[in-house]
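Please open the structure in your viewer and keep the selection panel at hand, since the tour moves from one selection to the next.

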Amino acid sequence: MELPQDFKDRMRGQLGDAYGDFLASYQEERTYGLRYNPLKIEKDRLCALFAQMQVALEPVAWAEEGFYYPPQVHPGRLALHEAGAYYIQEPSAMAVVELLGPRPGEKILDLCAAPGGKSTQIAGRMGGQGLLVANEVIPSRAKTLSRNIERMGVANAYVLNETPQRLSACFPEFFDRILVDAPCSGEGMFRKDVQSRGEWSLQQVAVCAARQREILSCAQQMLKPGGTIVYSTCTFAPEENEQNTKWLTDAYPQLELEQCMHLLPHQQRGEGHYAARFRKAGEWTQRGPGKVKKQKAPQKLPYILFQDFIHEVLEPQLADWYEDCLAQGRITAYLQHLYLAPDAAVATDGLKVERAGLSLGSFKKKRFEPSHALAMALRPQQVKQSMELEEPERYLKGEAVAADGQAGWTLATVHGCSLGWGKAAGGMLKNHYPKGLRKNYAIS
């Protein structure tokens, strides 16, 4: 592998005697990893399913949810992947959320979130409780982020398409934890991405370092006293790592560096990452309601149609929970769509919103049609009627499948993980898998 000469010269100075081992690691096969999704499947269940395919998953030491898989395996082609049972992610990157330590019920911001690996890992740790704001400034990447949030069954997240500057003005001292996985020079991508090697330069490192400081300056404004912020990159450049860590504590003395972590490819089994965790001094005291989501008066017909749907399709306990959400004003109508806001929702007026909580469905000709997002957020035991697909690849292509003895809305599943909706009638399941997602998949 041909590495940029300036990069090699700098790494030789950084690593000294260890430089030879570092350089030799680039002649080895890169690492492949996936992370199971606790919102959709249990760890042992996923390992057993891969074992049935003669694939042994090896645990990643620094991430409870993480596994290595062999390079000859292609888990992205399986229906289980489309069902959100796991997220394909470089193993080193999984360490960052471990350092962040998200908990259920917290308000958490992932400021530079696309394509969604760390956001969905955070969501799994939150267990559907609290508020996750996943933001991405580039519109096309924000859409990718939103699709991954949906695929992984995340129900308590906003996906925003905003600048850090605009967000910091809207959410002063609001979040319990903030992740800044900043855009960087990508030196940890060299072994798997030829383009990143071609685009790298010392000048780019300097540009990235300056941009990272701007992002960090905005991020610290949104952190509560007593809160935690993690800064991470997938690069090895001191200008983007240690020097920015020192800059942050020098510029904002209220931030105390608690832990710093280096993962290097010649020392750990991964492509490499840097992360630093800071705590903001002080204790949080309530400063008033802040920017709270405004409640709107229910529109009679849409809400009645939704109530009819939940009592017809969902198990009674979950249907009653949605009734409580209606009473609390957490379910709101926008045009012909219904949305469920997280339990710590805030107003997003004036912000570019890609996903406003969980899309529940829409109204068509005086009937309610559930969304794909709602299907992905459900488990089979939460609906009155589900169907385990014998050939999930047919469903993912958009084909109708046999459904003897069933009628009405049915949750289609693969190995107990939801894939989407179908409507059963006349011995067939009419396919409601979104047309934009349909493609060919291998049998899982």
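Which residues are buried in α10? This is a predicted model, and helix α10 is the place to begin, so select residues 202–221. The buried residues in α10 are V205, C208, A209, Q212, I215, L216, S217, C218, A219 and Q220. With the helix still highlighted, you can set a distance between its end C-alpha atoms: α10 has 20 residues and reaches 30 Å from the first C-alpha to the last, which is close to the 28 Å expected at 1.5 Å a residue.

Next, select C184 and C234 and show their side chains. Why is there no bond between C184 and C234? The sulfur of C234 has its closest cysteine sulfur in C184, at 3.5 Å, and this is too far for a bond, because a disulfide needs the two sulfur atoms within 2.5 Å. Seen from the other side, C184 is in no disulfide, and its nearest cysteine sulfur is that of C234. The count of disulfides by this rule comes to zero. Both cysteines may also be checked for exposure: C184 counts as buried at 17% relative accessibility, and C234 is buried as well, with a relative accessible area of 18%.

Now turn to the open sheet, where four strands are arranged in the order β2-β3-β1-β4 with antiparallel pairing. Select β2 (58–59) and β4 (86–88), which stand at the edges; each has a single partner strand, so one side of each is left without a neighbour in the sheet. If you then add β3 (residues 66–68), you will find that two bridges join this strand to β2 and that the two run antiparallel. Within this pair, E58 stands opposite Y68 in β3.

The last stop is the second largest pocket, which has a volume of about 840 Å³. Select Y334, H337, Y339, A356 and S359 to find its centre, as these lie nearest to that point among the 34 residues of the lining. The elements that give two or more residues to the lining are β12 (331–334), β13 (337–340), β14 (353–356), β15 (358–363), β16 (368–370) and α14 (372–376), and colouring them separately makes the pocket easier to follow. The largest share of the lining, four residues, comes from β14. If you colour the lining by class instead, the second largest pocket shows 14 nonpolar, eleven polar and nine charged residues.

Technical notes: Residues numbered from 1 in each chain as written. Predicted model: local features only at pLDDT ≥ 70, side-chain atom pairs only at ≥ 80, totals over all residues. Heavy atoms only, no water. 1 Å grid on protein atoms, 1.4 Å probe; cavity = no way out; pocket = protein on both sides within 12 Å on 5 of 7 lines; lining within 4 Å. Points joined across faces, edges and corners; volume = space filled by probe spheres on them. Nonpolar A, V, L, I, M, F, W, Y, C, P; charged D, E, K, R; others polar. Expected span 1.5 Å × (residues − 1). Buried < 20%, exposed > 50% of the residue type's maximum accessible area, 1.4 Å probe, protein only. Pairing = 2+ DSSP bridges.
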